[in-house]
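Biologist: I would like to go through this structure with you. Please give me the reasoning behind each label.

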Amino acid sequence: MSKYVALLRGINVSGHHKVPMAELRKEMENLNFEKVITILNSGNIIFDSTKGDAKSLEKMISDHLAKTFGFPIPTIIRKSEMMYDLLDRDPFKDILVTKDIRLYVSFLKEDVETDLQLPWTSDNNAFKIIDKIDKTIVSVLDLSITKTPKGMEVLERYFGKHITTRNWNTIKRIEKKLEANS
């Protein structure tokens with residue numbers, strides 16, 4: 001039995017593609033996953049499974065949820081060990097956090113090579129991509145510089161659209177749920 005984190009893209013955003021967490025949990029259990037926990041309303045799921053690898057789980061979950069809810073739900077899977085590794089690295093430890101600083105972790109479906117030199121900073125210093133660790137990108141947004149960030153556009157331009165992003169605080173919540181669900 002392995003423990004996984006599923007990260008769904010594009011659900012419950014501005015009232016679109018609504019997926020109630022209770023229904024999502026039920027559908028994950030219908031796929032015979034165990035110890036299913038949802039975190040927040042943005043498509044973060046912890047579950048146990050003996051089935052396949054991350055790739056096959058991504059397809060299985062995405063296909064099932066699209067059929068159930070009636071719209072595509074891109075899914076990215078990480079084993080719990082990968083999440084713990086990221087947390088242990090603490091990629092934001094050298095960042096001074098203020099009320100305007102946002103710390104983001106973006107998860108890639110595929111490992112994408114790019115000629116972007118890291119760390120990279122936008123022309124106005126509002127957005128920084130500080131590192132790429134395997135299929136994970138860590139970035140910082142400074143809202144004191146701009147209220148209309150173009151960070152996600154930059155990430156998609158260099159790393160593709162098969163990506164989903166979470167705030168570091170969400171990753172810390174996932175860590176607490178992983179520990180409680182061990």
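Modeller: Start with a proline. P119 sits in the loop between β5 and β6 (120-121). Keep in mind throughout that this is a predicted model.

Biologist: What is the peptide bond from L118 to P119, cis or trans, and what omega does it have?

Modeller: The bond from L118 to P119 is cis. Its omega is near -5°.

Biologist: Which helix is S62 in, and what makes S62 count as buried?

Modeller: S62 belongs to helix α2. Its relative accessibility is 17%. Buried means under 20%, so S62 counts as buried.

Biologist: Which residues does S62 touch, leaving aside its neighbours within four places in sequence?

Modeller: With those neighbours left aside, S62 is in contact with I73, P74 and T75.

Biologist: Stay with α2. Why are α1 and α2 called oblique to each other?

Modeller: Helix α1 (residues 21-30) and helix α2 (residues 54-69) pack at an angle of about 130°. Roughly perpendicular covers 65 to 115 degrees, and roughly antiparallel needs over 145. An angle of about 130° fits neither class, so α1 and α2 are oblique. Their axes are 11 Å apart.

Biologist: What hand does the crossing of α1 and α2 have, and which residues meet there?

Modeller: The crossing of α1 past α2 is right-handed. From α1, the residues are E23, L24, E27 and M28. They meet I61, H64, L65, T68 and F69 of α2. By class, this contact has five nonpolar, two polar and two charged residues.

Biologist: How do you know that α3 and α5 are oblique?

Modeller: Use the same kind of test. Helix α3 (residues 80-89) and helix α5 (residues 168-180) pack at about 125°, with axes 11 Å apart. The roughly perpendicular range ends at 115 degrees, and roughly antiparallel begins over 145. The angle of about 125° is in neither range, so α3 and α5 are oblique.

Biologist: Is the crossing of α3 and α5 left-handed or right-handed, and which residues make the contact?

Modeller: α3 passes α5 in a left-handed crossing. α3 supplies S80, M83, Y84, L86 and L87. α5 supplies W168, I171, K172, I174, E175, L178 and E179. The classes in this contact are eight nonpolar, one polar and three charged.

Biologist: Now the rings. How many aromatic pairs does the structure hold?

Modeller: There are four aromatic pairs. One of them is Y4 with F47.

Biologist: What makes the pair of Y4 and F47 stacked?

Modeller: The planes of Y4 and F47 are 25° apart. Stacked means under 30 degrees. The centres are 5.5 Å apart, and a pair needs centres within 6.5 Å. Y4 lies in strand β1 (residues 2-8) and F47 in strand β3 (residues 44-49), so this pair ties together parts 43 residues apart in sequence. Y4 and F47 are both buried.

Biologist: Why is the pair of F92 and W168 called edge-to-face?

Modeller: Their planes lie at 70°. Edge-to-face needs over 60 degrees, so F92 and W168 are an edge-to-face pair. Their ring centres are 5.1 Å apart. F92 is in the loop between α3 and β5 (101-108), and W168 is in helix α5, so the pair ties together parts 76 residues apart in sequence. F92 and W168 are both buried.

Biologist: Which residues do ring pairs link into a cluster?

Modeller: The cluster consists of Y4, F33 and F47.

Biologist: Where is K35, and why is K35 called partly exposed?

Modeller: K35 is in strand β2 (residues 34-39). Its relative accessible area is 45%. Buried is under 20% and exposed is over 50%, so K35 is partly exposed.

Biologist: Which contacts does K35 make beyond its neighbours within four places in sequence?

Modeller: K35 touches K3, I46, F47, D48 and N181.

Biologist: What is notable about the phi of K35 and of D90?

Modeller: K35 has a positive phi of about 50°, yet it is not a glycine. D90 is not a glycine either, and its phi is positive at about 45°.

Biologist: Where is D90, and what makes D90 partly exposed?

Modeller: D90 is in the loop between α3 and β5. Its relative accessibility is 30%. Partly exposed runs between the 20% and 50% limits, so D90 counts as partly exposed.

How values were computed:
Residues numbered from 1 in each chain as written. Predicted model: local features only at pLDDT ≥ 70, side-chain atom pairs only at ≥ 80, totals over all residues. Heavy atoms only, no water. Axes fitted to C-alpha atoms, helices over the stretch in contact; angles between N-to-C directions. Helix = DSSP H or I, 4+ residues; strand = E, 2+ residues; numbered from the N terminus. Parallel < 35°, antiparallel > 145°, perpendicular 65-115°, else oblique. Left-handed = near helix turned anticlockwise from the far one by under 90°. Contact = heavy atoms within 4.5 Å. Nonpolar A, V, L, I, M, F, W, Y, C, P; charged D, E, K, R; others polar. Phe/Tyr/Trp six-rings, centres within 6.5 Å; stacked < 30°, edge-to-face > 60°. Buried < 20%, exposed > 50% of the residue type's maximum accessible area, 1.4 Å probe, protein only.
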